[in-house]
Number of protein chains: 4
Amino acid sequence: MERAVLLLVCPDAPGIVADVAAWVAAVGGNIVDAGQTSDVEHGLFIQRVEFDHDSTAGALRASFGVVAARWDMRWQVRVPSRSATLAVLVSKEGHCLYDLLGRCATGDLPARVTTIVGNHADLAQAAERFGVPFHHLPVASRDASAAQESALTDALRDAQPDLIVLARYMRILPPAFTEEFGERTINIHHSFLPAFVGANAYRQAWERGVKLIGATAHYVTADLDQGPIIAQDVARASHADTPATLARRGRDLESLVLASAVRAHLEHRVVAYQGRTVVFE
Amino acid sequence: MERAVLLLVCPDAPGIVADVAAWVAAVGGNIVDAGQTSDVEHGLFIQRVEFDHDSTAGALRASFGVVAARWDMRWQVRVPSRSATLAVLVSKEGHCLYDLLGRCATGDLPARVTTIVGNHADLAQAAERFGVPFHHLPVASRDASAAQESALTDALRDAQPDLIVLARYMRILPPAFTEEFGERTINIHHSFLPAFVGANAYRQAWERGVKLIGATAHYVTADLDQGPIIAQDVARASHADTPATLARRGRDLESLVLASAVRAHLEHRVVAYQGRTVVFE
Amino acid sequence: MERAVLLLVCPDAPGIVADVAAWVAAVGGNIVDAGQTSDVEHGLFIQRVEFDHDSTAGALRASFGVVAARWDMRWQVRVPSRSATLAVLVSKEGHCLYDLLGRCATGDLPARVTTIVGNHADLAQAAERFGVPFHHLPVASRDASAAQESALTDALRDAQPDLIVLARYMRILPPAFTEEFGERTINIHHSFLPAFVGANAYRQAWERGVKLIGATAHYVTADLDQGPIIAQDVARASHADTPATLARRGRDLESLVLASAVRAHLEHRVVAYQGRTVVFE
Amino acid sequence: MERAVLLLVCPDAPGIVADVAAWVAAVGGNIVDAGQTSDVEHGLFIQRVEFDHDSTAGALRASFGVVAARWDMRWQVRVPSRSATLAVLVSKEGHCLYDLLGRCATGDLPARVTTIVGNHADLAQAAERFGVPFHHLPVASRDASAAQESALTDALRDAQPDLIVLARYMRILPPAFTEEFGERTINIHHSFLPAFVGANAYRQAWERGVKLIGATAHYVTADLDQGPIIAQDVARASHADTPATLARRGRDLESLVLASAVRAHLEHRVVAYQGRTVVFE
């Protein structure tokens, strides 16, 4: 038996659940996990069905198209992989990169890192340790952004990763990048968005005197720090904290929240719609 | 349209979801919320379906019986209520009682407290403030347990509450009680069970030097502190804590965890089976 | 022996701790709890010392003045009370009010509510239940704000509470109010500030698709939602949540965070400075 | 200026704080961080003072001896290090090991791993990647425990690490080991101790139906799973979890809680006494 995941969004209406369940039964499938939710504000129905079958992904897609047309669905049929490919973009801070490499090495994440791109060379050793090619794409001067962005795009087109992870990559990406890669690019922001957008989030948090710090993983859109949120978490801030210790404690949050979002994406648990996400557990 | 909730447990098998969904469609129902899970260790399927319909509870039960027989289901069809009745049993500590009374008064819980029983008189004033009858059932002597338990049973039979809540009631209940009322009795224990069973849980926790304290709400069974767990939560313990301050901070946990379990029960979100529960969110 | 609490802020320098400890010893005091922190960004030292003594508060203040002058301290000597007086301002939602009343009734908070003011009459019954005077001060028309604010000020001047609590009081207070009462007024905001300032915080949070909701208790300043933060907490938001269910789950957060801030204030654990607070635990 | 940390435990009495602060001033020290607590149950005073000075550790120890004798103190003067040495013991699961190696590589922990010992060979590659010697010390047969334990002791005596970390090392250590190394050995247990001692903690947790899973880092004593607790944390368990998914989600907890305990130890923030710890923040 093979495993497949069906994800769908459509206008809410009576009968969808029965129709989808009947389709799964008709293709000889056995549901192993299912989740659904209604977004009553937008009048939408969102569902995830994970099931075993002995058909092919192509055949499933062909037959589900009929159901989907009936309910005006936006949908995907996905096949879980044990080794999705990741491209990781970094700058100088290595905690998220090492965390991802370790998780792939132990099999905690069903993936392997096949490309690492850095606009600084600091993390070349991390790549070397795990035998992953490292592309050093520095920005030579203020005017050289376009050239660097073009080289980055080339590297990603070559690598064709299933997912691109911005692991504390400290450069703004151009609209052309988000248009081409945004739906499969996840960024980690070092605050509880929408609080403290932009740079220096821990300093901002310290100055405002908040009692918790946060991290947010989101899909990348043209609108910076505004993409659909996939995962968030917070940790307690003490009055003994300085901007520097907040940043230190924030690193654990960033690694965890990013890994959680990457896992949810790779397990086909995320449906993004209307600038929001549903993450099925 | 009326609202109903279907809860079921049965041996896992392909086709159940489709069959249940088809039944809901057949009775003209519209699913507003659904959750399901498979207990692969025990080979069981557990589902909750909340749906709108224009039939009656009796008619639903009659027609679902046919489906249930097909899959060997243990099942219930419940009708959500805006004012379920609660009997609350207390001793001397009032934080859980006041919390429940406040939640019923503001409509936060879909219930009203109709009976309060105390083996001490300390909380008579709380009952009076909210206009609820208070039954003072003290244990006159060591040998008077049976008489008190009998009076308690009489009071509960008279009141016929939908749910009995042990809100820091500090007496052990006899097997006859748990047999008659256990399935609709929720207790709050002042630790993260199974750690620190029995009395003086905060002192035990302090002596062991744990870094978190907890609270556990569970259904009541003959086996003390062993009933199916409905809700648990923890809070951070500081080295500055004494057994007394742990108890003070534990009160917030107890009130919250108990209220959470009461809400889940009243909203028909709990399925208890094999000494465990599934709580659908 | 009497208990006293010393709170101080001053420019950081070597020798302060020894000087303060020597003073406590000189007045025959025994330190039972002490906390200190350095704000290296602002070059400040902040300390809290709780100690037993057999002097008087007046004598302590007189003798500490000499130490304070030496280090250019802003300081207070406070005497813990078992029954501080609270004035609570409310609108229509009663969860924070009932929570505070319950905590005072059980002795959980070392205080009693002596005045309740509502711009709506909805919570008159809550006041009555606990035997607290209720002042109904409605805003008769758009132009009647000033009159209502004046009546409110009169009521508070009469009551002379140790602390004023805005328990979901849904009106903006004028600068004259914050100037007179701000330092002893605590507000609860229904978001993780600085995210989602202003009204409809749960709807804003839902629309942004955040994965956590929050609540923030802060001192009241002329700058709305910008006062020094005393306490914050968050709870997980599920994709099944609507703005309404977020609001429902947010109520628990609001009650808890507000009570936590009120407790910290009443136990003289909060030092506000530079738009921030240190809360000693 | 040099940095030093003073840790002390002694019978509680008035005047200690002033005496210690006077000593710091007398040696020309400037306190940068200080914490203290009273264990009223045992009548003890516990303090940590971090200070800058321009003396030597030896001179500090000599002069503090006089103060310590006066109050019957158990005490240490420690010098913070930027690169303490760690020996890590592992079996087959690598998540804690990779986490520690990554934290040392990025400078997140002020340490470097100088020795890795495995009773299985599975994690030899992890050691190789980070250039750390790997000692494969298998247990050849049931009767070969003593030989393996002896080889382990030799390896650790050779390495002379500042701290030994049991990073999911799945063998029981003999009393001779705990006697020689226990005070500087930290273990991670995969439950919220004292719940679920022994092996298969996640399966035990699943069977009991708890709603939270936990992890506990503790010093190693002869009494298995009973050593002084340094750090604990929990994560929410869902009804969709199986023993396997609990174990998967528990790995994040284990890595984090272990790293937190290692950090606290290396920063000289932990005082162990009476089977408990105080961890200063």
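**Exercise 1.** Determine how many residues separate β2(D) and β3(D) in their hairpin, and which turn residue has a positive phi.

*Solution.* In this predicted model, local features need pLDDT of at least 70, side-chain atom pairs count only at pLDDT 80 or more, and totals for chains, interfaces and linings use all residues. Residues are numbered from 1 along each chain as its sequence is written, chains are lettered from A and ligands numbered from 1 in the order in which they are written, and side-chain values use heavy atoms, with hydrogens and water left out.

Locate the strands (DSSP runs of E, at least two residues, numbered from the N terminus): β2(D) covers residues 30–39 and β3(D) residues 44–53. Four residues lie between them in the hairpin, and Gly43(D) in the turn has a positive phi of about 65°. The strands pair (at least two DSSP bridges) in the antiparallel sense over nine bridges. Within this pairing, Val49(D) of β3(D) is the bridge partner of Ala34(D).

**Exercise 2.** State which side chain of opposite charge is nearest to Glu149(C).

*Solution.* Glu149(C) belongs to helix α5 (residues 145–159) of chain C. Glu149(C) is buried, that is, under 20% relative accessible area with a 1.4 Å probe, protein chains only. The nearest side chain of opposite charge (Lys and Arg positive, Asp and Glu negative; His and the chain ends not counted) is that of Arg171(C), 4.5 Å away. Glu149(C) has no salt bridge, a term that requires a side-chain nitrogen of Lys or Arg within 4 Å of a carboxyl oxygen of Asp or Glu.

Methods:
Buried means under 20% relative accessible area, exposed over 50%, partly exposed in between (1.4 Å probe, protein chains only).
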